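Biologist: Could you walk me through this one? I would like to begin with the charged contacts and then move on to the surface.

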Amino acid sequence: MSGFRVGSFDRGRIASLWHPFLPAQAATSLLEVDLEELWRSGKRLILLDVDHTIVQWRQETFPPGIEEWVAKAKGLGFDLCILSNTRNPERLARLATKLQIETVRDKFKPSPAMFRLAMIKFKRKADETIMIGDQIFTDVLGANRCGIEAIWVQKMEGNEFAGTKISRFGERILRSTLYKALVTPVDESPESPEIEGAKPTGEKTLIRQIIKFCIVGGTSFVIDFGLSFLFLRILPWNGVLLSQSLGAWLQTSFPSFFGWAKDAQTAAIPILGGLASFIAMFNSFIWNRSWTFRVRGKAERIAQLRRFYLISILGAVWNTLIFSALSNVISGHPNRSLVVAKVIAAGVVAVWNFLGQRYFAFRVAK
Ligand SMILES: [Mg+2]
């Protein structure tokens, strides 16, 4: 995983909400874990994850140094135990036999079950135990749930289980928050190459922002679509659909405004569809503010919200204008024209919204 950062973490630096996911340390590999230091800090039992911590997924040959590291730990007096809920106990047994260490199998991490069983087995307390693993949502979270400190190691090279890939995505999102608690060499020596590499350049930031912006846009589209459907086709009002009842009222109360609509439900589209879009825009505001453009502080929030809605509503107007103007772009092919018009309008408006948010709505006063 690129951008992985090493060092020890200080809980005091981030909100307690994140503490269950916070390791005590992060290291690029098991081999970088300082055994003497662990012993000095009172640790006596080392719990080990298997895949991508001591061996690659599905492999049975340990990378160079792993067996020596385990032998050294035993030499220092540590007890070692593998925690694994593998569906291939034969492989686990072979690995454990090679390393000559114990294993525990029980419920999936982050369940505390395996951690507690191992502590009972070796008669050790939580503060004498350390967990080492490559996953935040299983190894680190499970350890923290039992009061055990965890060392988060960088995943080894190579493929992994499909479900793990999803959890990696969550890790990538979460780790920027966790790194705020990292006491790294950057605090002492800013020229550390590790940190220099992790620091995004301007171009990388832009690409990251575009990707995040597209993800947020996707979620807002789903919200917009889902709410429009709910408001127009599902929600009832006085025994009929809300859209029919509202549309009929609009058509009788403002006939000159809603005369164009072919039926009551259509007349309700600008209001109910607009409401759905308005709510979806708020979703974009929240996520683009804190995640895409990483705006901090609360002082400017209301002004940003106002600028954001100005950009977004103008964007919706462009969308309608471009879509209407191009709706007959390929003469004789109304359906194809519609698709082309929609794609061009969506593309232009996405660029408009991105630039508007980056340079206007969320601009940072220097
Ligand atoms: Mg693992």
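Modeller: Gladly, and please keep in mind that this is a predicted model. A good place to begin is R307, which forms a salt bridge with E300, with 3.6 Å between the closest N and O atoms.

Biologist: Is R307 buried or exposed there?

Modeller: R307 is buried, since its relative accessible area is 11%, whereas its partner E300 counts as partly exposed at 39% relative accessibility. Elsewhere, D134, E160, R168 and E171 are joined into one network by salt bridges that share partners.

Biologist: How many salt bridges are there in the whole structure?

Modeller: A search of the whole structure finds 14 of them. One of these is between the side chains of E36 and K72, with an N to O distance of 3.3 Å.

Biologist: Which parts does that E36 and K72 pair tie together?

Modeller: E36 lies in helix α1 (residues 35-40) and K72 in helix α2 (residues 66-76), so the pair ties together parts that are 36 residues apart in sequence. Both ends are partly exposed, with a relative accessibility of 32% for E36 and 40% for K72.

Biologist: And what does D10 pair with?

Modeller: The side chain of D10 meets that of R13 in a salt bridge of 3.6 Å, N to O. D10 counts as partly exposed at 32% relative accessibility, and R13 counts as partly exposed too, at 40%.

Biologist: Surface next. Which residues make the nonpolar patch?

Modeller: That patch covers about 600 Å² and is made by F278, L310, I313, L314, V317, W318 and L321. Helix α13 (residues 301-325) supplies the largest share of the patch, namely six residues. F278 is found in helix α12 (residues 264-292), and at 43% relative accessibility it counts as partly exposed.

Biologist: Which residues form the positive patch, then?

Modeller: The positive surface patch is formed by R172, K180, K204, R208, R294 and R296. Among them, R208 has its place in helix α9 (residues 202-234) and is partly exposed, with a relative accessible area of 41%.

Biologist: Switching to the backbone, where is the cis peptide bond?

Modeller: The bond from K109 to P110 is cis, with omega near 10 degrees, and P110 is found in the loop between β5 (102-104) and α4 (113-122). As background, most peptide bonds are trans, and most residues other than glycine have a negative phi.

Biologist: What is phi for H52, and for R58?

Modeller: H52 has a positive phi near 70 degrees although it is a residue other than glycine, and phi of R58 is likewise positive, near 70 degrees. H52 is found in the loop between β3 (45-48) and α2, and R58 is also placed in the loop between β3 and α2.

Biologist: Is H52 buried or exposed, and what about R58?

Modeller: H52 is buried, with a relative accessible area of 2%, whereas R58 is exposed, with a relative accessible area of 61%.

Biologist: Last topic, the overall fold. What is the radius of gyration of the chain?

Modeller: The protein chain has a radius of gyration of 28 Å, while a compact globule of 366 residues would have one near 21 Å. Along the principal axes, its C-alpha atoms fill a box of roughly 90 × 50 × 40 Å. The chain has 14 helices and ten strands, and 40% of its 366 residues count as buried.

Key: Residues are numbered from 1 along each chain as its sequence is written. This is a predicted model: local features need pLDDT of at least 70, side-chain atom pairs count only at pLDDT 80 or more; totals for chains, interfaces and linings use all residues. Side-chain values use heavy atoms; hydrogens and water are left out. Patches are made of residues with over 30% relative accessible area and no salt bridge: like charges are joined within 9 Å, nonpolar side chains (Val, Leu, Ile, Met, Phe, Trp, Tyr) within 5 Å. Accessible areas come from the Shrake-Rupley method with a 1.4 Å probe; for residues, only the protein chains shown count as cover. A salt bridge is a side-chain nitrogen of Lys or Arg within 4 Å of a carboxyl oxygen of Asp or Glu. Lys and Arg count as positive and Asp and Glu as negative; His and the chain ends are not counted. The place of a charge is taken as NZ of Lys, CZ of Arg, CG of Asp or CD of Glu. Helices (H or I, at least four residues) and strands (E, at least two) are DSSP runs, numbered from the N terminus. Buried means under 20% relative accessible area, exposed over 50%, partly exposed in between (1.4 Å probe, protein chains only). The radius of gyration is taken over C-alpha atoms; the globule rule is 2.2 Å times the number of residues to the power 0.38.
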